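The exercises below invite a reader to work through one protein chain step by step. Please look at the sequence and the structure before turning to the solutions.

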Amino acid sequence: PNLGTEYRARGGDHQYQSHDGQFTQQAPPGKYLLRITRGIEHDLVEQTVEVARGQTVPVSATLKRTVDTKGWISTDYHAHSTPSGDNYCSTDDRITNFVAEHIEFAPTTEHNRIYDWRPHIERLDVGRHLKTITGIELTGAGQHFNSFPLRRTPFTQDGGAPVWQLDPRLNAIVLRDLPNAGPDRWVQANHPIVAEVFNDRNRDGVFDGGYAGFERLIDAAEVWSTEILNPNPRYRRIRGSQVQELENRTFGWLQLLNQGRHVWCVAVSDAHRIFGNGVGGWRTYVPSTTDEPARIDHAEIIRNSKAGRMMITNGPFLE
């Protein structure tokens, strides 16, 4: 059944995502296979339900958390909601999406404004499931960045966010040095065009060193992709009737490592909608002394991430 626009959590396409596990959903009469899930640490429950016109059928289930991730928390360092402008879901729906997919730590990373999701988390009363801190995605017609924690300045343009610059090194330095900077300030390069940023800054096909020294100014980069086993520097993707040729950024990242140019890798969703581009498909696990999201110490999580104590996945949990 089509329960509504794919831009929302509460009834989008054939899914319904709930922040508390309780909801009622209309559907046409018929026989349905229900799959009830919560991320990758819980076993799913399947039930077949038949509903007649005008009938309400109660359904209940308890999901078993069978994957032991004690000592690790599930994170997503890059997602969006309404304040980003190019996003297709409300902030409350994004928070619901995090909770339904069992993401436990998600810094606030809206486009070009310092923002804080905590009021939304408090309004939905899901603080026991999800922790956030104030942050930003700084974007422009080139390399993008996520950074957190930051201090939001009320009643100022974009919460006091800096202005994006073409040279990615300048953006990294500005974000690192914003007020209240400390050892737990995280600066991340988002979905980089590796060949350009690290090797050929003007894209003329001639190696010029890229933006020299850039890797020393960031803590990690979003260089994970489904092309991890593809030995080619480029690959083709079909979008509708168009065939696109794209850089295999994971291949480029491995070449950087071969050259001794060290960059940690993170896996994120960069979610801009709920169905089809929501959170949960890729995530990064980070060690934590607490398994309770409400008690997560962001400084500890960032400290572990800076040291490379991370595990990225699109499903399996491995130690």
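Three exercises with worked solutions follow.

The model is predicted: local features need pLDDT of at least 70, side-chain atom pairs count only at pLDDT 80 or more, and totals for chains, interfaces and linings use all residues. Residues are numbered from 1 along each chain as its sequence is written, and side-chain values use heavy atoms, with hydrogens and water left out.

**Exercise 1.** Describe the overall dimensions of the protein chain and judge its radius of gyration.

Step 1. The C-alpha atoms fill a box of roughly 70 × 45 × 40 Å along the principal axes.

Step 2. The radius of gyration, taken over C-alpha atoms, is compared with a globule rule of 2.2 Å times the number of residues to the power 0.38. For 319 residues a compact globule would have a value near 20 Å, so the 21 Å of the protein chain agrees.

Step 3. Of the 319 residues, 47% count as buried, where buried means under 20% relative accessible area, exposed over 50%, and partly exposed in between (1.4 Å probe, protein chains only).

**Exercise 2.** Determine the strand order of the open sheet and the place of helix 3 against strand 5.

Step 1. Helices (H or I, at least four residues) and strands (E, at least two) are DSSP runs numbered from the N terminus; the chain has six helices and 11 strands.

Step 2. Two strands pair if DSSP finds at least two bridges between them. Four strands form the open sheet in the order 4-5-6-7, with mixed pairing. Strand 4 and strand 7 (220-221) are the edges, each pairing on one side only.

Step 3. Strand 5 (residues 144-148) runs antiparallel to strand 6, joined to it by five bridges. Histidine 144 stands opposite asparagine 190 of strand 6.

Step 4. Helix 3 lies across strand 4, strand 5 and strand 6, at about 10° to strand 5. Axes are lines fitted to C-alpha atoms, for helices over the stretch in contact (heavy atoms within 4.5 Å), and angles run from 0 to 180 degrees between N-to-C directions.

**Exercise 3.** Locate proline 149 and aspartate 158, and describe the backbone at each.

Step 1. Proline 149 sits in the loop between strand 5 and helix 3. A cis peptide bond joins it to phenylalanine 148, with omega about -10°.

Step 2. Aspartate 158 is found in the loop between strand 5 and helix 3. Its phi is near 55°, a positive value in a residue other than glycine.

Step 3. Aspartate 158 is partly exposed, with a relative accessible area of 29%.
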